[in-house]
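Could you walk me through the empty spaces inside this protein, and the packing around them? A friendly tour would be welcome.

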Amino acid sequence: MSLDPQSQAVVNALNGSGVLPFRQFSPVDARKKILALRAQRPAVPAHEMASVVHETITTPDGAFAVRILRPRAGEAMPAAIYFHGGGFFAGGLDETDDFARNIARLADAVVINVDYHLSPEAKFPVAVNDAYAALCWVAENARRLGIDPQRIAVAGDSAGGNLTAVTCLMARERGGPSIAFQALIYASLDLRARPSYGSREKWGGGGYVLDNDDIEWMLDHYLTSRAEADDWRASPLLAASHAGLPPALIVTADHDPLCDEGRLYAERLSASGVAAECVCFEGTFHGFVGYASVLDAGKRGVNLIADRIKRSV
């Protein structure tokens with residue numbers, strides 16, 4: 001199946017924007033180019049929230065911000081901690097605010113959008129430590145935040161999907177905090193150098209937003225040494241066991257080099273006795289959920305993610 005017409009139009013625009021491939025720039029300059037391109041997109045009216053609060057989490061690696069979106073007044077609400085994508089070098093609270101608000105509204109949950117440290121300024125495992133610290137902070141402050149600590153989900157796309165899976169593994173290894181559900185969206189789950197997945201070979205040659213050379217470029221800036229990719233905190237697919245993890249939704253796109261990693265993660269979870277639903281969206285590309293304002297596939301993806309979070313927490 002080819003890209004659907006809407007997805008093809010977005011891919012054509014991105015390929016003609018001058019931003020791709022990212023590797024033609026430094027990570028900092030690429031970050032600036034992405035922000036400049038995003039600023040050209042038509043503004044999307046923000047979904048009103050009952051409250052929007054910014055707080056700071058301080059760790060040994062430094063401080064980072066979280067944006068807490070509450071869709072309505074209420075105590076002991078469920079929560080979803082969200083880790084944005086961006087190849088570990090880009091992304092932030094403003095860029096993902098529309099998605100986070102949609103999840104808060106549709107899932108009827110407090111969303112904590114995490115502004116974890118980015119590479120190359122912060123190398124692995126700083127973002128991993130940030131993600132787990134965010135989970136601990138939300139659990140420890142649940143009463144003050146009006147959150148039920150037994151109804152916390154974690155979710156993330158691309159690099160953030162990696163952090164989602166790793167956070168679940170860390171919580172299992174460290175005896176908590178409790179995670180009720182995990183949602184991974186076209187996640188990067190195997191950071192080894194050019195692993196041999198069919199989707200990498202089929203869609204990673206260029207022309208579909210994310211390509212294999214850009215993946216390698218991103219990882220060269222995220223990892224201090226490529227040997228770190230063998231650590232399950234970098235490559236959660238390599239964990240010795242996936243038993244005892246939270247039930248999961250894994251969303252993939254069929255024209256994405258990372259598609260097979262998501263499918264394999266779902267298979268590993270299922271084989272370990274963990275309930276896992278894997279949904280592959282056909283005719284679309286890596287990052288499609290971020291274009292929900294213009295893509296029908298993106299809207300369906302947001303609705304699916306929100307529905308599964310709402311059902312599970």
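Here is a short report on a pocket, a cavity, the nonpolar core and the aromatic rings.

This is a predicted model, in which local features need pLDDT of at least 70 and side-chain atom pairs count only at pLDDT 80 or more, while totals for chains, interfaces and linings use all residues. Residues are numbered from 1 along each chain as its sequence is written, and side-chain values use heavy atoms, with hydrogens and water left out.

Let's begin with the spaces. On a 1 Å grid over the protein atoms alone, a cavity is a set of points where a 1.4 Å probe fits but cannot get out; a pocket is an open set with protein on both sides within 12 Å along at least five of seven lines, and lining residues have an atom within 4 Å of a point. Volume here is the space filled by probe spheres set on the points, which are joined across faces, edges and corners.

| Space | Volume | Lining by class |
|---|---|---|
| Second largest pocket | about 180 Å³ | five nonpolar, four polar and three charged residues |
| Largest cavity | about 50 Å³ | nine nonpolar, no polar and no charged residues |

In these classes, Ala, Val, Leu, Ile, Met, Phe, Trp, Tyr, Cys and Pro are nonpolar, Asp, Glu, Lys and Arg are charged, and the others, Gly among them, are polar.

The lining of the second largest pocket includes D98, N102, R105, K299 and N303. Helix 3 (97-107) and helix 10 (296-312) are the elements giving two or more residues to that lining, and helix 3 has the largest share, with four. Helices (H or I, at least four residues) and strands (E, at least two) are DSSP runs numbered from the N terminus.

A search of the whole structure turns up one cavity of 30 Å³ or more. Among the residues around the largest cavity are Y82, F99, I103 and I305. Strand 3 (77-83), helix 3 and helix 10 each supply at least two lining residues.

I305 also appears in the largest nonpolar core, a set of 111 residues where I112, F288 and I305 touch the most other members. Such a core joins buried Ala, Val, Leu, Ile, Met, Phe, Trp, Tyr and Cys residues through side-chain atoms within 4.5 Å; buried means under 20% relative accessible area (1.4 Å probe, protein chains only), exposed over 50%, and partly exposed in between.

Finally, the rings: there are nine aromatic pairs. The ring centres of F281 and F288 lie 5.1 Å apart with planes at 45 degrees, so this pair is tilted. Phe, Tyr and Trp rings (the six-membered ring of Trp) pair if their centres lie within 6.5 Å, with planes under 30 degrees apart counted as stacked, over 60 as edge-to-face and the rest as tilted. F281 and F288 are both buried.
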